[in-house]
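This briefing gathers selected features of one protein model for use at the bench. Please read the points below alongside the sequence and the structure.

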Amino acid sequence: MHDSLPEQSQTPFDEQRYRLFQQLVSSLTPEQKAWMAGYLTAQLTSTSHSAGAMTQAEEITILVGSQTGNSEALAEQTQALARERGLRAVIKDMGDYKAPQLKTEKFLLVIVSTYGEGEPPDNARELYEFLFSKRAPSLKNTQFAVLALGDSSYEFFCKTGADFDRRLEELGAARLHERVDCDVDYETAAEGWINAVLEDLSQRTQSAPSATAQPASPLSSAGTSPYSRKHPFPAVLLEDIVLNGRGSQKETHHYELSLEGSGLHYEPGDALGVYPCNAPEMVDELLKKLHFNGEEKIDNDGKDSTLSEALLRNYEITTPTRPMLQKYAALINNAELARLLDEAHKQALADYLYGREIIDVVTDFPGGELNPQDFIGCLRKLPPRLYSIASSLKQHPDEVHLTVAAVRYQSHGRRRHGVCSTFLADRLGPDSTIPVYVDHNKNFKLPTDPDTPIIMIGPGTGIAPFRAFVEEREAIGASGKNWLFFGDQHFMTDYLYQSEWLRYLKSGLLTRMNVAFSRDQAEKVYVQQRMRENGRDLYAWLQEGAYLYVCGDEKHMARDVHETLLGLVEREGGMSREAAEQYVKTLQKEKRYQRDVY
Ligand code: NDP
């Protein structure tokens with residue numbers, strides 16, 4: 001490093017200052033040098049800044065609101081690419097962010113998902129409410145851009161991102177770049193947004209980035225593993241056990257997969273991303289309906305492929321979405337489909353789509369002679385499915401376990417099959433591998449203090465992460481109390497992992513367990529009833545500092561459990577409704593109430 005420094009005579013420094021300069025420069029990391037360069041430039045140019053210009057000393061804030069790890073991963077990608085351009089970006093979780101700080105942000109990138117019926121993710125809720133409240137500050141010194149994540153098969157696609165985008169502008173912030181709404185196959189659209197936004201920001205940077213550009217750090221937070229969402233690991237299936245007994249109406253599988261040689265690591269609370277293939281029978285049926293033979297050559301994202309191969313592996317061929325229908329309608333010119341897509345007939349479209357798949361659409365609205373490439377152009381990419389991990393790596397080195405219910409049902413006179421759950425249940429041979437990656441979820445994590453008590457509510461497949469939690473607590477010898485609520489249809493056939501829970505109860509690792517078998521009696525019994533019956537103790541645990549976790553169905557169970565929790569706090573804490581709401585909000589803010597719902 002000394003070699004590259006100029007001689008003292010070539011600098012404006014006296015000997016003493018030169019020595020200090022030499023010592024300092026040779027001890028700095030590249031990142032520190034980049035910061036210092038920017039800082040000094042800022043000092044020199046601070047009086048001549050035009051509005052919106054940026055120095056390398058200035059930070060870009062990337063605010064992340066996410067229920068799963070996708071937004072977080074994109075934020076890391078943005079940060080790494082910013083660093084390559086010599087820009088400094090910090091990632092902040094919306095859940096930890098002090099809302100009043102917003103007005104001090106100069107360059108703000110918001111990456112936020114939408115979940116359920118157009119709602120913000122749990123960790124974004126408070127900031128969202130603040131922004132739409134009277135307390136929201138003027139943001140006229142802020143420049144911003146929003147990347148919205150969502151799923152176009154839901155009506156309120158990317159609503160939270162759109163709300164942030166609109167509200168930031170209303171508050172006076174200037175838009176750096178148009179919002180981009182990403183569907184479940186978000187990579188290309190998200191990369192486009194990231195590059196465009198960073199290009200814009202680079203142009204605002206006053207000093208040249210090349211001297212300080214940094215190599216990007218690995219985009220995946222999975223440590224040293226070369227495997228990621230983009231490059232999934234081919235995992236070997238070690239075990240497939242159906243957890244339900246004979247006569248059950250459920251088919252819940254326990255899968256054990258090998259991660260040996262992958263370098264992949266996960267923590268309890270993380271999810272496993274699984275890339276499925278579509279069912280070959282569904283591909284065949286679709287080809288037939290569309291009068292294709294499957295051998296047609298198509299351009300599959302820059303690669304040559306046959307139509308049937310692309311439909312099998314790369315495209316979503318079951319769930320119809322509005323954008324898909326719009327593209328298909330443009331090809332086939334069908335008046336009835338065009339009418340359904342009219343904004344005025346939103347409800348009629350929703351009614352039509354309920355329980356229907358793409359095969360129904362092409363049956364009901366046949367296309368005549370279609371070009372195979374055009375048809376492919378209507379479809380979205382087949383996204384990976386996320387499953388909450390059901391094992392602790394400490395107890396099962398090089399393995400990952402999942403609890404997956406095979407989704408099979410009948411609608412509109414057809415048998416339907418969940419794409420990924422039946423790919424796992426029905427279509428794996430003895431030598432097949434499953435493309436997987438770890439999706440880190442820092443919003444569903446055990447307390448760092450092993451003495452902290454935890455309450456886990458996980459009916460059905462919602463039990464998965466709690467198996468991982470309890471295994472982990474056993475492995476690390478955590479002394480905190482553990483209370484589990486579980487529910488399913490029948491005691492005799494659907495008590496998932498029963499022998500493990502009984503063993504933990506016996507050993508004392510599981511302090512309490514309450515079960516609700518909904519269909520063993522005339523009246524339905526759900527976990528909420530057990531929560532209410534044990535309300536006093538549950539509230540006492542919360543008062544002691546317990547963390548509360550909920551995993552499973554979002555639409556009904558998680559909402560009802562939330563409502564039950566509010567009622568319980570109201571009753572046991574002798575609080576008003578507003579005070580109980582505040583209590584639960586505080587729990588959420590302190591990360592003592594975390595949810596993994598789907
Ligand atoms: P279930 O839907 O079978 O529910 C488990 C238990 O919860 C049952 O006893 C059920 O009772 C009860 N329940 C129903 N409504 C409520 C409510 N409002 N509050 C509390 N409890 C309630 O759970 P599974 O997870 O086993 O269900 C599998 C389904 O989950 C699949 O069909 C699929 O759609 C979905 N799913 C599963 C995934 C996975 O396997 N990891 C991933 C994504 C989705 P009852 O049914 O008797 O009313």
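What follows covers a helix, a cavity, a pocket and three individual residues.

The model is predicted. A search of the whole structure finds one cavity of 30 Å³ or more, and the second largest pocket has a volume of about 910 Å³. Of the 33 residues that line this second largest pocket, Y275, R313, N314, K381 and L382 are the closest to its centre.

**Helix α3**

- Helix α3 comprises 15 residues, 70–84. At 1.5 Å a residue α3 should span 21 Å, and because its end C-alpha atoms are 21 Å apart, the expected and modelled spans agree.
- The buried residues of α3 are N70, S71, E72, L74, A75, Q77, T78, A80 and A82.
- Strands and a helix contribute to the cover over these buried positions: it includes β1 (59–65), β2 (88–93), β3 (107–113), β4 (143–149) and β16 (433–439), together with helix α6 (187–204).
- Just after α3, G86 adopts a positive phi of about 80°.

**The largest cavity**

- The volume of the largest cavity is about 50 Å³.
- Its lining is formed by S66, T68, G69, E72, D93, N123, H440, N441, K442 and N443. One of these lining residues, E72, is also among the buried residues of α3.
- By class, seven of the lining residues are polar and three are charged, with no nonpolar residue present.

**The second largest pocket**

- Four elements, β6 (180–182), α6, β11 (303–306) and β16, each supply at least two residues of the pocket lining.
- Helix α6 provides the largest share, four residues. Both α6 and β16 are also included in what covers the buried residues of α3.
- The lining of this pocket has 13 nonpolar, seven polar and 13 charged residues.

**T403 in strand β13**

- T403 is located in strand β13, which runs over residues 399–405.
- Is T403 buried or exposed? Its relative accessibility is 5%, so T403 counts as buried, the cut-off for buried being under 20%.
- The side chains of T403 and Y497 are joined by a polar contact of 2.8 Å.
- Beyond its neighbours within four places in sequence, T403 is in contact with L243, T252, H253, A390, T461, I463, A464, L496 and Y497. Y497 is thus listed among the contacts of T403 and also takes part in the polar contact with its side chain.

**S153 in the loop after β4**

- S153 lies in the loop between β4 and α5 (159–170).
- With a relative accessible area of 33%, S153 is partly exposed.
- Which residues does S153 contact when its neighbours within four places in sequence are left aside? They are T319, P320, T321 and R380.
- S153 and T321 are 168 residues apart in sequence, yet their C-alpha atoms are 4.7 Å apart in space.
- A polar contact of 2.7 Å joins the side chain of S153 to that of D151.

**R167 in helix α5**

- R167 is found in helix α5.
- The relative accessibility of R167 is 15%, so this residue counts as buried.
- Not counting residues up to four places away in sequence, R167 touches L131, F132, S133 and A136.

How values were computed
Residues numbered from 1 in each chain as written. Predicted model: local features only at pLDDT ≥ 70, side-chain atom pairs only at ≥ 80, totals over all residues. Heavy atoms only, no water. Buried < 20%, exposed > 50% of the residue type's maximum accessible area, 1.4 Å probe, protein only. Polar contact = N/O pair within 3.5 Å; in protein donor to acceptor, adjacent residues only side chain to side chain. Contact = heavy atoms within 4.5 Å. 1 Å grid on protein atoms, 1.4 Å probe; cavity = no way out; pocket = protein on both sides within 12 Å on 5 of 7 lines; lining within 4 Å. Points joined across faces, edges and corners; volume = space filled by probe spheres on them. Nonpolar A, V, L, I, M, F, W, Y, C, P; charged D, E, K, R; others polar. Expected span 1.5 Å × (residues − 1).
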